[in-house]
Amino acid sequence: MRNAPLGIFDSGVGGLTVVRAVQQLLPAEDIVYLGDTARVPYGSKSPETIRQFSHEDVRFLLDRGVKTVVVACNTATAHALPSLQERYQIPIIGVIEPGVEAVLADPQAQRVGIIATRGTVRSHAYQHALALRRTGLILHATAAPLLVPLVEEDWLDHPSTLAALHTYLDPMLDRGIDTLLLACTHYPLLVPVLEKFLPAGVRLVDSATTCAEHVKSELTQLELLADENSGKLEIHLTDLSDQFEDLARRFLAKSPGRIMRVSL
């Protein structure tokens with residue numbers, strides 16, 4: 001099983017930031033990626049529908065013989081991860097727990113800001129997990145729905161993006177946050193902008209990097225690290241367009257190769 005591919009899915013192409021981080025950390029791992037672009041976004045769907053879609057995504061990856069599944073979607077992790085872990089025999093890893101662990105790795109973290117999609121914020125998954133693990137934390141969670149389309153338009157340095165960041169983050173900064181958790185897989189592309197935007201002393205935690213580090217830890221513990229693979233990437237999308245191909249290229253910071261359209 002160690003040389004079987006790693007399966008990663010998201011509601012769209014945002015999860016390719018997780019793929020990129022995994023490839024940088026574990027270059028020998030073959031990866032099968034599924035983006036459910038025909039039904040994106042999951043954040044506007046009911047929890048029941050999100051669970052249904054997530055099970056369909058996992059079954060697709062299992063049919064391709066993956067050894068582990070990474071749920072590279074915060075909304076799907078929040079609403080579907082427990083049912084996925086209960087039903088399937090292989091390890092299934094979400095993006096929320098790695099982000100929580102990374103926040104709490106700093107013992108000085110006391111005031112934590114969280115930005116995410118509406119669905120992730122409404123689930124209270126991050127807030128609940130952080131509050132359970134460390135009492136006394138002051139949490140400020142804000143839905144930042146405009147950031148996803150701004151990232152997808154490649155408006156990273158656009159005045160509209162700066163205005164949106166001020167709208168979403170100024171209230172948190174006024175409350176003295178010491179940590180900002182980026183709880184959406186699109187947001188790592190904003191890290192260079194945020195590093196200039198945030199005051200010194202505010203720590204950034206992004207879900208892609210922390211998830212990749214958690215995947216490495218889990219595969220190491222389970223003795224599932226690949227030792228013969230070449231780092232091949234297969235990308236499957238449920239809907240294809242020039243936009244998705246362009247996004248895949250930007251999110252991976254390289255050519256995505258051949259992208260295959262699939263039906264679930």
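1. What covers helix α1? In this predicted model, the cover over the buried residues of α1 includes the strands β1 (6-10), β2, β3 (68-71) and β9 (233-237), together with the helices α10 (207-221) and α11 (242-252). If you are new to the structure, this is a good place to start looking.

2. Helix α1 itself spans residues 16-25, and 7 of its 10 residues are buried, so the rest of the structure largely encloses it. The buried ones are L16, T17, V18, V19, A21, V22 and Q23. You may like to colour these residues while you follow the next two points.

3. One of the elements covering α1 is α10, and the packing of these two helices deserves its own look. Two packed helices are described by the angle between their axes and the distance between the axes. For α1 and α10, the angle is about 50° and the axes are 8 Å apart. The two helices are therefore oblique to each other, and their crossing is right-handed.

4. Which residues meet where α1 and α10 come together? From α1 come T17, V18, A21, V22 and L25, and from α10 come A208, T209, C211, A212, E213 and K216. Among the α1 residues in this contact, T17, V18, A21 and V22 are also on the list of buried residues.

5. Now for the aromatic rings. A search of the whole structure finds 1 aromatic pair. Its members are Y42 and F53, with ring centres 5.5 Å apart and planes at 50° to each other, which makes the pair tilted. The pair links distant parts of the chain: Y42 belongs to the loop between β2 (31-35) and α2 (47-62), while F53 is in helix α2, 11 residues apart. Both Y42 and F53 are buried.

6. F53 has a charged neighbour as well: R39 lies over the face of its ring, at 3.6 Å from the ring centre. A second arrangement of this kind involves R64, which lies over the face of F60 at 3.7 Å from the ring centre.

7. Please also look at the backbone around P41. Most residues other than glycine have a negative phi, and most peptide bonds are trans. The bond joining V40 and P41 is a cis peptide bond, with omega about 0°. P41 sits in the loop between β2 and α2, and Y42 of the aromatic pair is in that loop too.

8. Where do positive phi values turn up outside glycine? One is at H124, with phi of about 60°, in the loop between α5 (118-123) and α6 (125-133). H124 is partly exposed, its relative accessible area being 47%. Another is at E223, whose phi is near 55°. E223 is found in the loop between α10 and β9, and it is exposed, with a relative accessible area of 58%.

9. A last stop is V191, in helix α9 (residues 191-197). Leaving aside residues up to four places away in sequence, V191 touches L182 and L204. The C-alpha atoms of V191 and V205 are separated by 9.4 Å, with the two residues 14 apart along the chain.

Technical notes: Residues numbered from 1 in each chain as written. Predicted model: local features only at pLDDT ≥ 70, side-chain atom pairs only at ≥ 80, totals over all residues. Heavy atoms only, no water. Phe/Tyr/Trp six-rings, centres within 6.5 Å; stacked < 30°, edge-to-face > 60°. Helix = DSSP H or I, 4+ residues; strand = E, 2+ residues; numbered from the N terminus. Buried < 20%, exposed > 50% of the residue type's maximum accessible area, 1.4 Å probe, protein only. Lys NZ or Arg CZ within 6 Å of the ring centre and 35° of its normal. Contact = heavy atoms within 4.5 Å. Axes fitted to C-alpha atoms, helices over the stretch in contact; angles between N-to-C directions. Parallel < 35°, antiparallel > 145°, perpendicular 65-115°, else oblique. Left-handed = near helix turned anticlockwise from the far one by under 90°.
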